Amino acid sequence: MQRFYTTILFLVALLSAHCALASESDCIEKNISVYQWGVRHYAAMPATLSVPPGNTLDACIKLTGIGTKPLEITPKHYDLSVNGGPFITGKTLQIFDNDVLRIKLVAPAKPNDHKVTRLEFFETDKTMRRDVLRIAWQVQTDNSNTLPTTWYVGSDKRFTQVSQVLAKVRSGDTIVLNKAEVFEPFEIKFVSGSKEYPITLTSNAESANERPIISGGVPRFGWAVGLRSSHFWVVENIVIKDAAVCFRNESHGTVLRQVLIKGCHIGVMGTDYNAGSLTVTHSEITQSGGREAGKKWGHPIYVASDPHTFPKAQLVLAHNFIHNNQGNNVKSRYEKSLIHNNWIEAGNDNQARYVLELIGYDGHYDFMGQEYVVQNNFLIHNRYGLGSRVGGDGKGPSRGSVSFKNNLFIIGSGFSFPLIRTFQGLGELNVLNNTVAYTGETAPITFVQDELNNTDWLNGKAKISVIGNTVNQSVTLLTTIERSSKADQSLVEIEQNRNLEPLQLSRDILNSNRPNPEEYISDIGLN
């Protein structure tokens with residue numbers, strides 16, 4: 001009998017070893033090579049959300065770009081296996097280029113608990129500027145251990161401020177604010193819903209002018225509403241105003257719906273680290289952005305995603321009214337952005353900047369390339385607006401694709417800049433089936449101005465398609481500035497564009513399609 005059990009254990013061990021090797025196909029690869037001044041590329045493990053408390057978790061990572069000298073790591077509070085070897089903790093290991101690491105750890109034992117495990121790699125190459133590289137793995141346990149509850153907040157309720165209920169909230173819960181009241185700013189930290197059961201912050205307002213107001217900023221940070229590692233929240237039917245930052249997103253699965261954002265230095269902010277998918281829909285962002293003396297530029301929407309912690313995160317802007325702002329109306333550094341069916345209108349003073357700025361990560365190299373799709377929008381260009389810029393802003397090139405499809409570009413009096421400008425680094429630009437119209441005089445204008453050298457394009461040469469657009473003789477479809485080098489134009493396509501009489505729109509026609517300020521925003525569509 002003992003021999004039988006020994007044989008069984010031997011077969012189980014063989015099977016386990018086989019499964020471990022086979023499961024290496026689930027490994028993610030991280031390039032941590034040096035990009036400048038002895039500093040490695042940033043990396044993190046994808047966050048693990050809604051985990052049953054106490055579960056054992058397993059992840060795999062393959063490290064490339066280590067160089068000729070190994071890194072050293074001493075696992076603490078987790079077990080580490082290198083290249084299929086035994087799991088070890090508390091012992092120093094050397095990690096070489098292309099090594100495969102498997103990590104095991106136990107999730108927190110309590111619901112709605114947040115844990116960050118940092119893999120600390122120490123350099124043995126003393127020429128490196130930094131001695132340690134940290135790769136973080138965020139784990140958050142499930143928060144649905146009770147039946148969904150509705151929490152009522154207002155001056156006549158048990159709870160008078162949102163901050164008073166946050167410690168009690170669970171997945172699927174709803175917080176309802178009294179209509180027509182003003183509430184204090186607040187920060188939501190480590191309070192998560194789930195994809196199936198998000199947490200909703202809403203109000204009992206039945207008309208737009210009854211929506212409650214969250215005003216001012218929290219001490220130290222200055223944001224009116226801040227989400228920090230608090231995933232899967234829906235915020236709707238409220239007004240957020242008069243803060244350094246109206247809404248700050250450092251979370252994943254966030255939805256803003258029927259929200260008015262007004263009078264903030266930054267209207268909607270998405271952080272470079274720990275930010276995942278964000279949807280803003282049927283909302284209005286106005287009177288925000290700009291630059292005060294001694295401060296950095298603010299923007300109505302300035303968002304980014306963390307491609308390591310939340311890979312494939314997406315920004316969706318749909319059916320929004322973005323107007324009367326300063327700075328860049330939309331400045332996105334997301335891995336993927338889908339901007340459709342919005343009314344985006346440049347400001348009317350000299351602090352108005354780009355209608356759209358779709359660019360790379362802030363100071364981080366993107367290995368895969370970002371994707372931007374701009375479709376079915378009203379894009380209104382006034383005198384001081386700078387059109388749109390794609391590729392980069394001087395800090396990081398996107399190296400991905402940008403597509404403008406079926407948009408209506410409306411040109412106001414005095415506007416003289418390119419409608420779309422490339423800068424710093426790009427993979428490809430597609431400008432398809434758009435229409436150019438005017439509310440003022442028909443002045444000469446450039447549709448696309450390419451400012452990239454061949455080496456700034458991902459393929460070593462410009463890849464631009466300008467196809468099927470409706471323009472007029474005053475529109476130059478593509479210009480190349482003198483300082484760029486265009487030895488090879490084989491990937492540039494300019495065809496099937498319609499050159500008609502200038503399309504003039506009266507202010508009455510424009511205003512009849514324009515959403516009403518401070519009202520609920522209905523669907524926005526090009527008819």
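## Strands E39 and E42

Let's start with a small piece of this predicted model. Strand E39, residues 420–422, runs parallel to strand E42, residues 445–450, and 2 bridges join them. Within this pairing, Arg-421 stands opposite Gln-449 in E42.

Ile-420, at the start of the range 420–422 that makes up E39, is a good residue to look around from. Setting aside neighbours within four places in sequence, Ile-420 is in contact with Ser-388, Val-390, Phe-404, Phe-409, Leu-429, Val-431, Phe-447, Val-448 and Gln-449.

## The open sheet

Now zoom out to the sheet that holds this pair. E39 and E42 belong to an open sheet of 11 strands with parallel pairing, and the order is E15-E18-E21-E24-E27-E30-E33-E36-E39-E42-E45. At the edges stand strand E15 (186–189) and strand E45 (475–480); each has a single partner strand, so one side of each is left without a neighbour in the sheet. From one strand to the next, the twist averages 10°.

## Parallel pairing from E31 to E37

Another run of parallel strands is worth a visit. Strand E31 (residues 336–340) is joined by 5 bridges to strand E34 (residues 371–375), and the two run parallel. Here Leu-338 stands opposite Val-373 in E34.

E34 is also joined by 5 bridges to strand E37 (residues 401–405), again in parallel. In that pairing, Glu-371 faces Ser-401 in E37.

## Two nonpolar cores

Which residues touch the most other members of the largest nonpolar core? They are Ile-175, Leu-356, Phe-404, Ile-420 and Phe-447, out of 79 residues in that core. Ile-420 thus returns from the opening section, and its contacts include both Phe-404 and Phe-447. There is also a second, separate core of 26 residues, with Val-51, Ala-59, Leu-63 and Tyr-78 among its members. As background, nonpolar side chains in soluble globular proteins tend to be buried together.

## Aromatic pairs

The model has 7 aromatic pairs. In one of them, the rings of Trp-151 and Phe-159 have centres 6.0 Å apart and planes at 65°, so the pair is edge-to-face. Trp-151 and Phe-159 are both buried. Phe-221 and Trp-223 make a stacked pair instead, with 4.5 Å from centre to centre and 5° between the planes.

Are the two partners of that stacked pair buried or exposed? Phe-221 has 32% relative accessibility and so counts as partly exposed, while Trp-223, with a relative accessible area of 5%, is buried. Elsewhere, ring pairs link Phe-404, Phe-409 and Phe-447 into a cluster, and these three residues are among the contacts of Ile-420.

## Charges over rings

Phe-221 has a charged companion as well: Arg-228 lies over the face of its ring, at 5.5 Å from the ring centre. Which ring does the charged end of Lys-104 sit over? That ring belongs to Phe-87, and the distance from its centre is 4.6 Å.

## A buried serine after E18

One last stop is Ser-229, in the loop between strand E18 (223–228) and strand E19 (233–236). Its relative accessible area is 7%, so Ser-229 is buried. Apart from neighbours within four places in sequence, Ser-229 is in contact with His-114, Gln-138, Gln-140, Phe-190, Val-191, Ser-192, Glu-250 and Ser-251.

Definitions and conventions
Residues numbered from 1 in each chain as written. Predicted model: local features only at pLDDT ≥ 70, side-chain atom pairs only at ≥ 80, totals over all residues. Heavy atoms only, no water. Pairing = 2+ DSSP bridges. Helix = DSSP H or I, 4+ residues; strand = E, 2+ residues; numbered from the N terminus. Axes fitted to C-alpha atoms, helices over the stretch in contact; angles between N-to-C directions. Core = buried A, V, L, I, M, F, W, Y, C linked by side-chain atoms within 4.5 Å. Buried < 20%, exposed > 50% of the residue type's maximum accessible area, 1.4 Å probe, protein only. Contact = heavy atoms within 4.5 Å. Phe/Tyr/Trp six-rings, centres within 6.5 Å; stacked < 30°, edge-to-face > 60°. Lys NZ or Arg CZ within 6 Å of the ring centre and 35° of its normal.
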